[in-house]
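Visitor: I have a model open and would like to learn how to read it. Where should we begin?
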Amino acid sequence: MNNRNLSTLIFNKVYKRLNIEQCYICGFKGEGNLCSQCRTFLTPNTHHCGQCARPTLVSIDICGQCQSHPPAFKSVIAPLVYSGLTRALITQAKFNNKGHLFRPLAKLLAHALLEQLDLSKPWHWCVVPTGRSSLLERGYCQTRFIRKLLKSHLKHTLEHPFHTFDISRSQERPTQHTLKKKERQRLSAKAFTVAKPAPDYVILIDDLITTGSTIEACAKALKQAGSKEVIVVALARTPSQTSEPL
Ligand SMILES: [Zn+2]
Ligand SMILES: [Zn+2]
């Protein structure tokens, strides 16, 4: 175990012991780790494509991109637009070793899932695997951490047990945020290894969706391994005009 991994573990233990229940942004106590006032700085993904959740000016059933290249996933649930405070929280959580900042965003995602997900299906909860270099850089896998947070919010509400299913990366690639858009779009299902048979119903968890290339490759690999339905869930979706690399 490296030092960062250890520090994340220690932080989580301290967090639990102190049961910190104050707003991470302004310090206000009594409303959880993101108070109602600070929550107004998050931009909800209100209008979007009904399939890929790409933010649009008005809500549409399906965007041009989903029409011309039908995705392997059925739909995307991403309750926030990646801008302003959402962007700041995710950036700090991912790149500055402040994983706890995922907590308020995962809570909002859990609420969105309770509203939008068909809870009668026996879902298997899968994460977009973090590359080895990112793991070494960050010391933890952020998508697994988000899955853990979702489990703690949802386990008593789901109609079926919270089953997990893991896929892996077939080869190491540069991290997504360092790739240009065209390079990301070349990511294929072969980039991921999925044990067969994959579960029928899969929830695929990512932290942030930019071009959608990674989730599409994962969803395709899952479908090729036997999944009937893949729903992608993420904390946030980039607005179209800034869907270039971060
Ligand atoms: Zn606050
Ligand atoms: Zn779309």
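Guide: Begin with one pair of residues. I209 stands opposite R237 in β8. Keep in mind that this is a predicted model.

Visitor: Which strand pairs with β8 over eight bridges, and in which sense?
Guide: Strand β7, residues 201-209, pairs with β8 in the parallel sense. The pair I209 and R237 is one place where you can see the strands face each other.

Visitor: What other strands pair with β8?
Guide: Strand β1, residues 75-77, is parallel to β8 and joined by three bridges. Look for V76, whose bridge partner in β8 is V232. Strand β2, residues 80-81, also pairs with β8 in the parallel sense, over two bridges. There, L80 has A236 as its bridge partner.

Visitor: What links β7 to β8, and what hand does the unit have?
Guide: The helix is α9, residues 213-224. Together, β7, α9 and β8 make a right-handed β-α-β unit.

Visitor: How do I read whether β8 is enclosed or open?
Guide: Count its buried residues. A residue is buried if 20 or more other C-beta atoms lie within 10 Å of its own. In β8, residues 229-237, eight of the nine residues are buried, so the strand is largely enclosed by the rest of the structure.

Visitor: Now the helix. How many residues of α9 are buried?
Guide: Ten of the twelve are, so α9 is also largely enclosed by the rest of the structure. The list holds nonpolar residues such as I215, C218 and L222. It also includes S213, T214, E216 and K220. Just after α9, G226 takes a positive phi of about 115 degrees.

Visitor: How can I check the length of α9?
Guide: Use the rise of 1.5 Å a residue. The twelve residues of α9 should span 16 Å. The end C-alpha atoms are 16 Å apart, which agrees.

Visitor: What does that check give for α5, and what is buried there?
Guide: Helix α5 covers residues 102-116, 15 residues that should span 21 Å. Its end C-alpha atoms are 21 Å apart, which agrees. The buried residues of α5 are F102, R103, P104, L105, A106, L109 and L113. What covers them includes β1, α4, α7 and β8.

Visitor: Which residues have the most contacts inside the largest nonpolar core?
Guide: They are L204, C218 and V232, in a core of 50 residues. β2, α4, α5, β3, α7, β7, α9 and β8 each supply at least two residues of this core. The largest share, seven residues, comes from β8.

Visitor: What is L204 in contact with, beyond its neighbours within four places in sequence?
Guide: Its contacts are F73, C126, V128, I215, C218, A219, V230 and V232. Note C218 and V232 again, which join L204 among the residues with the most contacts inside the core.

Visitor: How do I read the two faces of a strand such as β3?
Guide: Take the residues side by side. On one side of β3 are H124 and C126, and on the other W125 and V127. These four residues are all buried, so to speak of a cover on both faces is fair.

Visitor: Which strands does β3 join, and where does W125 sit?
Guide: Four bridges join β3 to β7, and the two run parallel. In that pairing W125 stands opposite I203. Two bridges join β3 to β4, residues 163-164, also parallel. In β4, T164 is the bridge partner of W125.

Visitor: Is T157 buried or exposed?
Guide: T157 is exposed, with 10 other C-beta atoms within 10 Å. The cut-off for exposed is 12 or fewer. T157 lies in the loop between α7 and β4. Its C-alpha atom is 8.6 Å from that of L119, which is 38 residues apart along the chain.

Visitor: What does the protein come to as a whole?
Guide: The secondary structure is nine helices and eight strands. Buried residues make up 34% of the 246 residues. Among contacts between residues at least 6 apart in sequence, 73% join residues at least 24 apart.

Visitor: How confident is the predictor, and where is pLDDT under 50?
Guide: The mean pLDDT is 87, and 83% of residues reach 70 or more. Over residues 242-246, pLDDT stays under 50. For that stretch the model has ten contacts beyond four places in sequence.

Conventions: Residues numbered from 1 in each chain as written. Chains lettered and ligands numbered in written order. Predicted model: local features only at pLDDT ≥ 70, side-chain atom pairs only at ≥ 80, totals over all residues. Pairing = 2+ DSSP bridges. Right-handed = clockwise from strand over helix to strand, strands pointing away. Expected span 1.5 Å × (residues − 1). Contact = placed C-beta atoms within 7 Å. pLDDT = per-residue confidence, 0-100. Core = buried A, V, L, I, M, F, W, Y, C linked by C-beta atoms within 7 Å.
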